[in-house]
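Let's walk through this model together, with the viewer open beside the text. Have a look around before reading on.

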Amino acid sequence: MSGEGEVPQAIRKLAPGKLVIASHNEGKVREIRALLGPFGIEPVSAAELDLPEPEETGTTFVANAELKALQAADLSGLPALADDSGLCVEAIGNDPGIFSARWAGPTKDFGMAMQLIEDKFAGLPPETGRDAHFVCALALAWPDGHVEWFEGRVDGTLVWPPRGENGFGYDPMFVPNGYDETFGEMEPDAKHAMSHRADAFNQLVAAVL
């Protein structure tokens with residue numbers, strides 16, 4: 001297992017072949033497929049296998065990723081990779097954090113979720129900073145219960161109104177530090193090169209592939 005900012009020493013390597021992506025979020029599945037493409041891995045999504053979505057009862061990104069990966073590996077008999085990620089807005093106590101998807105409601109309305117964040121700022125002093133960061137925890141589980149995990153992060157600021165049609169989730173309101181475009185405006189390859197998910201994947205690749 002790894003901690004943030006260190007290169008992990010994995011106990012177990014991931015062999016080429018099928019790997020379950022333990023997510024029903026099409027945006028996440030699409031990004032993970034693209035990141036795994038060069039490594040001889042054959043991703044298959046939980047939705048394709050008709051696997052259920054577990055209740056996310058963990059109190060951290062890592063805990064939620066781990067429970068999703070373990071369930072998918074157990075039910076499928078294949079190694080499984082799960083992602084738990086979210087947006088942490090510093091001025092509002094790092095919310096929505098692990099509840100990022102839940103803020104979008106059962107219909108996954110992230111336009112509404114972004115508006116909820118902006119509404120929080122309406123009640124704060126005008127000089128309040130708009131610093132935020134995305135966190136991505138990846139958990140890689142095998143059917144025997146072995147797990148490796150990796151956590152990535154990217155820092156930035158929030159803009160309003162949202163900009164761009166690319167990406168998914170809160171991407172249109174997040175500008176990573178050092179850039180002028182939101183994740184919603186960036187081309188996918190540009191985002192994949194420096195996102196929180198890419199950070200976590202770089203650690204995973206160094207460790208298990």
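What follows covers a central strand, its partners, a pocket and two cysteines.

## Strand 5 and its surroundings

Keep in mind that this is a predicted model. A good place to start is strand 5, which spans residues 131-141. Of its 11 residues, 10 are buried, so the strand is largely enclosed by the rest of the structure.

## Partners of strand 5

Which strands pair with strand 5? One is strand 3, residues 80-89, which runs antiparallel to strand 5 and is joined to it by 10 bridges. If you would like a pair of residues to click on, try V89, whose bridge partner in strand 5 is A132.

Another partner is strand 6, covering residues 147-158. Here too the pairing with strand 5 is antiparallel, and it extends over 11 bridges. Within this pairing, L140 has E148 of strand 6 as its bridge partner. Strand 5 and strand 6 form a hairpin with 5 residues between the strands, and in this hairpin G145 adopts a positive phi near 100°.

## The largest pocket

Strand 3 also leads us to the largest pocket, since it supplies 4 residues of the lining, the largest share. Helix 1 (26-36), helix 2 (61-76) and helix 5 (196-208) contribute as well, each of them with at least two lining residues.

How big is the volume of this pocket? The computed value is about 760 Å³. In total, 37 residues line the pocket, and those nearest its centre are N25, K28, E56, A101 and K108. Sorted by class, the lining holds 14 nonpolar, 11 polar and 12 charged residues, which may be handy to have at hand when you set up your own view of the site.

## Two cysteines without a disulfide

How many disulfides does the structure hold? The count is 0. C88 takes part in no disulfide, and the nearest cysteine sulfur, that of C136, lies 12 Å away. Likewise, C136 is in no disulfide, with the sulfur of C88 as its nearest cysteine sulfur at 12 Å. The cut-off for a disulfide is a pair of cysteine sulfur atoms within 2.5 Å, so a separation of 12 Å does not qualify.

Are these cysteines buried or exposed? C88 has a relative accessible area of 7% and is buried. C136 is at 0% relative accessibility, so this cysteine counts as buried too. For both, the cut-off that matters is a relative accessible area under 20%.

Note on methods:
Residues numbered from 1 in each chain as written. Predicted model: local features only at pLDDT ≥ 70, side-chain atom pairs only at ≥ 80, totals over all residues. Heavy atoms only, no water. Buried < 20%, exposed > 50% of the residue type's maximum accessible area, 1.4 Å probe, protein only. Pairing = 2+ DSSP bridges. 1 Å grid on protein atoms, 1.4 Å probe; cavity = no way out; pocket = protein on both sides within 12 Å on 5 of 7 lines; lining within 4 Å. Points joined across faces, edges and corners; volume = space filled by probe spheres on them. Nonpolar A, V, L, I, M, F, W, Y, C, P; charged D, E, K, R; others polar.
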